[in-house]
Amino acid sequence: MTAAARASWARFRGGHFFGRHQSFSVVVGMAIVTAILPFIVLAPPFSGFGTQTDFVDGFSQAGVWVLLAIGLNVVVGLAGLLDLGYAAFFAIGAYTYAYGASPYSGNHVAFWVMLLVGAAVAAMAGLLLGAPTLRLRGDYLAIVTLGFGEIVPVVFTNSDQYTNGTNGITALYQPSLINLSLPIPNLSGILPNLGLFQGSYGFGNPWPYYISVAAIISVVMILAYRLQDSRLGRAWMAIREDELAAASMGINTVTTKLLAFAIGASTSGLAGVYLSSKLSIVSPTQFGFTVSFTVLAMVVLGGMGNIWGVAAGAFVVYEIQSQGLKQLNVFVGQYFPNGLPIFGHVDFLTYQYLLYGLALVGMMLLRPEGLFPSRRRRQELHDVEDADAANVELVEA
Amino acid sequence: MDAGILTQQLLNGLTIGAMYALIALGYTMVYGIIELINFAHGDVFMVGSFVTLWLLSTIGVQNTVNDPVALVGLLILMFAFSMVVMGLVGVLIERFAYRPLRRAPRLAPLITAIGVSFILQNIIQVLYGTAYFNVPQVIDPLAGFSFKLPSFAIGGFAVTSSLVTVTWVHVFIVVLAVAMMVALQVFVRRTNLGRAMRSTAIDREAAQLMGVDINTTIALTFFIGSALAGAAGVAWTLNYGLTKFDNGFQAGLKSFTAAVLGGIGNTTGAAIGGFLIAFIEVFSSQLGYSRWSEAIVFTILILVLVFKPTGILGQQVAERA
């Protein structure tokens, strides 16, 4: 082996084949996950819960939340700004698509163009909100974003003549640029349902959505990793740890925070465009505080600051929420037809937010760095504890 | 112009504002002492209204109570019960969700607060469902008196006056809320415990060195704040006769806005903010923008924070790392 080949192999082993930014590992990782997921669900116990098509449809829905979590991670995890109105940008992206591609507006711009337009419009909204408010301290910023998150659905609900009010805009055009017919032979005899890889976007066929969302996530993830390791990313983390120190090191805190806000918002807008094209409907009720909160929960549970971590967190939380609790009902119903001992008949879906709440409180108390923490973040959190423990000992001594 | 309608709306605003102010006091006290936005506070208020519903259905009150002695006794029971129960709930929340995180990064207790808010909502949702609940209005909601302002004209500008109705419920709520605020002021300014609260808010370590028991003081703050929210919950059922599991979110948000508007950490400011928010809400409805009232309230919040982040009565607080 030549020295050059050895060096590139070493870089490959280290997951840094294309530079330090993990682009290669993201592409390979996402490809493996995307390829394996549809087949895992064919095996028990998952196969008992639904058809492969149902699962793939669910996965493409989960992709929306993965995107949202990666975007919010930039704002909360990297820059340390608490954004409680994240759903507002999600709504803005979705409505942008509704204007760009629906019979309601009369326009029909291609989906892939609208992805960029939606992201740009959402980023603009992020800048507009952020510019006057980002000088505020952490808690106040949280409240302002919360207020903004409440205002946006009210505006979309009440501007009837532009948004069709509470009914929302329906019959959005579905993507059509790529009519996916991959050159895969129909192996349905060997691998069931692989023929579904072919065909166009539509309600009955989740495969094109599944593959496109995987592609979108990969791109966003690569961008997120590159940002995190850039000068800007380091500036975000510096601000998160100590804004005053960061400012005195020459970081323009307002611009840096504004960029975090805009970039987070643009990812949310992207997710909004994708979701509205998939559901083919937008209405103001889809974008309440619950959405902002759920994404925050995903980021916190996954591990703030770790991109793979929050993506995994979002996926797990979404699947538990949409499939797990439902299946738990079925499961308990099968084995305890007369209801659980002591508790009686329990509908686990109604306890969803209770479980969320308990998970959040428990997580903060026991493992504040999340399930899959970023190395730096964990060090920081535990350093604080150690320092505090030392202080307490001093005080008590 | 109709001076009657104006006065009527002013009175309505006063009633709603009294309830917002009671809730806002809890936000502002907790923020003042541990710098935490207690997101669960709005839901404490909501649970307070359901505690009242439970109490009334348990003792079998289904309608307006007309006997004055029985009514006074019932009202005292309702307020005492809801305030004590919610105060204890507040202390429990502080003990298990916030106290262990006192030294954690600022984001951590904020996230548990949102978690607690969801837990409280979900518990009520499981126990009572998601529909609106009718709570018996023990004070006759229609009883009261009405008066007419004089009509007059200045130059060519005619001011008419329609009938203004003042109901006893409104009078009761406003008087009670003001009495509670005055009592709180006296408590905070005149008693030893109040002094302990103020000194803890200013400098926790120094207060501790002076012999203040920090844990008890913070727990007491949560007790008082949550008890006031419980009182607001009772007042809400008296006024509207309705409650719902997600009532606390909107009311809590508006009350928090009120606290910020008045200057967070300042109890007088919270009261002023509560009335202001209510007036904004009532008058935007009167002008035909009721569907926009929420958006207007939050826009004003954002504007206030941008131009005067300390609120109306707030003081500049040094940034604490």
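Helices, at least four residues long, and strands, at least two, are DSSP runs numbered from the N terminus. In those terms, B:Glu35 of this predicted model sits in the loop between H1 and H2 of chain B. Its backbone deserves a second look: B:Glu35 has a positive phi, near 50°, despite being a residue other than glycine. For context, most residues other than glycine have a negative phi. B:Glu35 has 17 other C-beta atoms within 10 Å, so it is partly exposed.

Chain A offers a companion case. A:Ser280 is not a glycine, yet its phi is positive at about 65°. This serine lies in the loop between helix H11 (253–279) and strand S4 (281–282) of chain A. Because 18 other C-beta atoms fall within 10 Å of it, A:Ser280 is partly exposed.

Back in chain B, the helices around that first loop both pack against H8. Two packed helices are described by the angle between their axes and the distance between the axes. For H1 (residues 3–34) and H8 (residues 214–240) of chain B, the angle is about 165° and the axes are 9 Å apart. With angles over 145 degrees counted as roughly antiparallel, H1(B) and H8(B) are therefore roughly antiparallel to each other. The crossing of H1(B) past H8(B) is left-handed. Residues of this contact comprise 17 nonpolar and 6 polar ones, with no charged residue.

Helix H2 (residues 41–59) of chain B meets H8(B) in another way: their axes come within 7 Å and cross at roughly 55°. H2(B) and H8(B) are therefore oblique to each other, and their crossing is right-handed.

In chain A, helix H13 (residues 307–335) is a good place to pause. Its 29 residues reach 39 Å from first C-alpha to last, close to the 42 Å expected at 1.5 Å a residue. H13(A) nevertheless contains a kink of about 45°, centred on A:Ile320. The buried residues of H13(A) include A:Ile307, the run from A:Gly309 to A:Phe315, and A:Val317. A:Tyr318 and A:Gln321 are also among the buried residues of this helix.

Finally, a contact between distant parts of the sequence involves A:Met124, a residue of helix H5 (residues 111–133) of chain A. A:Met124 and A:Ala262 are separated by 138 residues in sequence, while their C-alpha atoms are 6.9 Å apart in space. A:Met124 counts as partly exposed because it has 16 C-beta neighbours inside 10 Å.

How values were computed. Residues numbered from 1 in each chain as written. Chains lettered and ligands numbered in written order. Predicted model: local features only at pLDDT ≥ 70, side-chain atom pairs only at ≥ 80, totals over all residues. Axes fitted to C-alpha atoms, helices over the stretch in contact; angles between N-to-C directions. Parallel < 35°, antiparallel > 145°, perpendicular 65-115°, else oblique. Left-handed = near helix turned anticlockwise from the far one by under 90°. Nonpolar A, V, L, I, M, F, W, Y, C, P; charged D, E, K, R; others polar. Expected span 1.5 Å × (residues − 1). Bend = angle between axes of the 7 residues up to and from the residue. Buried ≥ 20, exposed ≤ 12 C-beta atoms within 10 Å, placed from the backbone.
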